[in-house]
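Subject: Structure handover

Hello,

Here is the structure for your files. Please have it open while you read the notes underneath.

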Amino acid sequence: MEYFVTFTNQSQGRDRIFRAAQYGSALLIYLLKNKSGRQKLIKKLQSLESNMSTGRKLFRLGNTVSAINAAKRTLHLEDPVLRLCLTVANLNRSLYFLCDNILWARSIGLVTNMDKERWRVHASRCYFVSLLMNLTRDLYGIYQAMEREAQDKQYRQKVSQHRSDGRDVACVAVLNLQTLLLLLYHSLRCNPSILLDTVKNACDLFIPMDRLGIYKTNPGVVGLCGLMSSILGILTLMKPSFKLKP
């Protein structure tokens, strides 16, 4: 109970819960749309999805400034790859939140005479670039983890034993592939934060790709991917050791 209270007291925690409800509702709507006698339930789910989306926009009102501050911090990272990826990602996140805030102001009538669809496209583009840079950072983190794991003595002993079992010359290519997969497995097992962040960003990537028409799926896939990434986001907030740093 104490963990739950601490989690819900965070604005990010409430946003993740609302996000999971939003995309969970979208997934259920897609699964139930062809079922007879489910129209009332579908309308309730549509209302829930809309309310969760509006609530999340309120939670994100101050995130533009937070993303800019995060970009300022990542500018001082020593690693040039991390500095580039995270700074560009945070700048695009700030632009995404700015577009989102303008769309929210439009929805309540504070802003008029604006092309709502165009601003949605701008927001999706910024979100897409941010996710791409975060995924690039994840792949770089996996590469670094594999490099560290390759230097480990116990791992090298396992690889030597693994290779000594393959005496047939024709199996060399297969053994090399198995060695690489073994290295990847050990690297991700020792660094679960990289694995979780990679899966979360990969799931999120389907959302802007669908909106921008880069890779069209359907509301069910978007709902499922959004729900999975939301659950992973909740997990990383509840267990800070699973959060990828920096």
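The notes below cover a pocket and two surface patches.

This is a predicted model: local features need pLDDT of at least 70, side-chain atom pairs count only at pLDDT 80 or more, and totals for chains, interfaces and linings use all residues. Residues are numbered from 1 along each chain as its sequence is written, and side-chain values use heavy atoms, without hydrogens and water.

Pocket. The second largest pocket has a volume of about 270 Å³. Its lining has 13 residues, and Tyr23, Ala26, Glu49, Pro219 and Val222 are the closest to its centre. (A pocket is an open set of points on a 1 Å grid where a 1.4 Å probe fits, with protein on both sides within 12 Å along at least five of seven lines; lining residues have an atom within 4 Å of a point.) Helix H2 (11–32) gives the largest share of that lining, five residues. H9 and helix H10 (219–238) each supply at least two. Helices are DSSP runs of H or I, at least four residues.

Patches. Leu195, Val199, Leu224 and Met228 make a nonpolar surface patch of about 300 Å². H9 and H10 each supply at least two of its residues. Met228 sits in H10. Arg106, Lys116, Arg120 and Arg211 form a positive surface patch. Arg211 belongs to H9 (residues 192–212). (Patch residues have over 30% relative accessible area, 1.4 Å probe, and no salt bridge, meaning Lys or Arg side-chain nitrogen within 4 Å of an Asp or Glu carboxyl oxygen; like charges are joined within 9 Å, nonpolar side chains within 5 Å.)

Best wishes

How values were computed. Lys and Arg count as positive and Asp and Glu as negative; His and the chain ends are not counted. The place of a charge is taken as NZ of Lys, CZ of Arg, CG of Asp or CD of Glu. Grid points are joined across faces, edges and corners, and a volume is the space filled by probe spheres set on the points.
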